[in-house]
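Hi,

Here is the structure I said I would pass on. Have a look at it first, and my notes follow below.

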Amino acid sequence: MKINKGAVSVQSFHYDVESPSADEKSTLNISIEHPEFKDKNGQPMNEDEGKIFQVVIPFEIHMKEAPFKVSGLVGQVVQPVGFHGEAEDLDGKQVQQISRSAVEYIETLTYQVTSVTLNHGISLNFTKDAEIKPNNEEDK
């Protein structure tokens with residue numbers, strides 16, 4: 001699937017010192033919304049090429065025995081070319097494809113910050129092969 005992508009937006013990113021014995025946590029909630037985007041003239045954005053969505057990912061991560069935790073909110077505007085359905089119509093693979101750039105941004109930010117704070121970068125283990133379920137399948 002071809003996807004037109006806007007810039008990744010970091011609404012917040014927090015790095016906090018955490019006891020290595022604290023509970024492990026890996027919360028990454030991928031939400032895909034269809035807000036009413038407007039152009040600079042206040043008119044609805046042209047969606048002839050495909051529906052325009054906003055990917056929003058709040059996250060909180062404390063890896064096992066790590067001396068830190070990270071949390072925040074990252075987002076990105078995306079347009080899957082040729083897709084005119086609703087966010088709920090996206091399957092797990094499509095959700096993963098649409099959200100991958102934003103998830104990679106979280107991985108990169110964490111690696112770069114830990115490179116400075118711990119004198120070596122820590123890689124998060126979100127893989128492109130992880131199973132991601134669309135919003136409407138989480139409650140089933």
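**What I found**

Let me start with a single residue: Asn119 is exposed, because its relative accessibility is 71% and the cut-off for exposed is over 50% (buried is under 20%, partly exposed in between, with a 1.4 Å probe and protein chains only). Asn119 sits in the segment after H1 and, although not a glycine, has a positive phi of about 65°. Glu65 is another non-glycine residue with a positive phi of about 65°. You'll find Glu65 in the loop between E4 and E5, and it counts as exposed at 59% relative accessible area.

Before you go further: this is a predicted model, where local features need pLDDT of at least 70 and side-chain atom pairs count only at pLDDT 80 or more, while totals for chains, interfaces and linings use all residues. Residues are numbered from 1 along each chain as its sequence is written, and side-chain values use heavy atoms, with hydrogens and water left out.

Now the overall picture. The chain has 1 helix and 5 strands (DSSP runs numbered from the N terminus: H or I of at least four residues for helices, E of at least two for strands), and along the sequence they come in the order β-β-β-β-β-α. The C-alpha trace spans about 50 × 35 × 20 Å along its principal axes. Of the 140 residues, 34% are buried. Taking contacts (heavy atoms within 4.5 Å) between residues at least 6 apart in sequence, 73% join residues at least 24 apart.

On the surface side, the accessible area of the chain is about 8,400 Å², with 46% of that belonging to carbon and sulfur atoms; the areas come from Shrake-Rupley with a 1.4 Å probe, and for residues only the protein chains shown count as cover.

What about the inside? The largest nonpolar core (buried Ala, Val, Leu, Ile, Met, Phe, Trp, Tyr and Cys joined through side-chain atoms within 4.5 Å) holds 25 residues, and those with the most contacts inside it are Ile30, Ile32, Val55, Ile57, Ile61, Ile98 and Ile106. Strands E1 (3-17), E4 (53-62) and E5 (68-80) and helix H1 (92-117) are the elements that give two or more residues to this core.

Then the aromatics: a search of the whole structure turns up 3 pairs. Rings of Phe, Tyr and Trp (its six-membered ring) pair if their centres lie within 6.5 Å; planes under 30 degrees apart are stacked, over 60 edge-to-face, and the rest tilted. Here are two of the pairs.

- Tyr15 and Phe68 have ring centres 5.6 Å apart and planes at 15°, so this pair is stacked. The pair links distant parts of the chain, with Tyr15 in strand E1 and Phe68 in strand E5, 53 residues apart. Tyr15 is partly exposed at 23% relative accessibility, whereas Phe68 is buried at 2%.
- Phe53 and Phe83 have ring centres 6.0 Å apart and planes at 50°, so this pair is tilted. Phe53 is in strand E4 and Phe83 in the loop between E5 and H1, 30 residues apart. Phe53 is buried at 0% relative accessibility, and Phe83 is buried at 14%.

One last spot to look at is Gln112 in helix H1. Gln112 is partly exposed at 48% relative accessible area, and its C-alpha is 8.2 Å from that of Ile122, 10 residues apart in sequence.

Cheers
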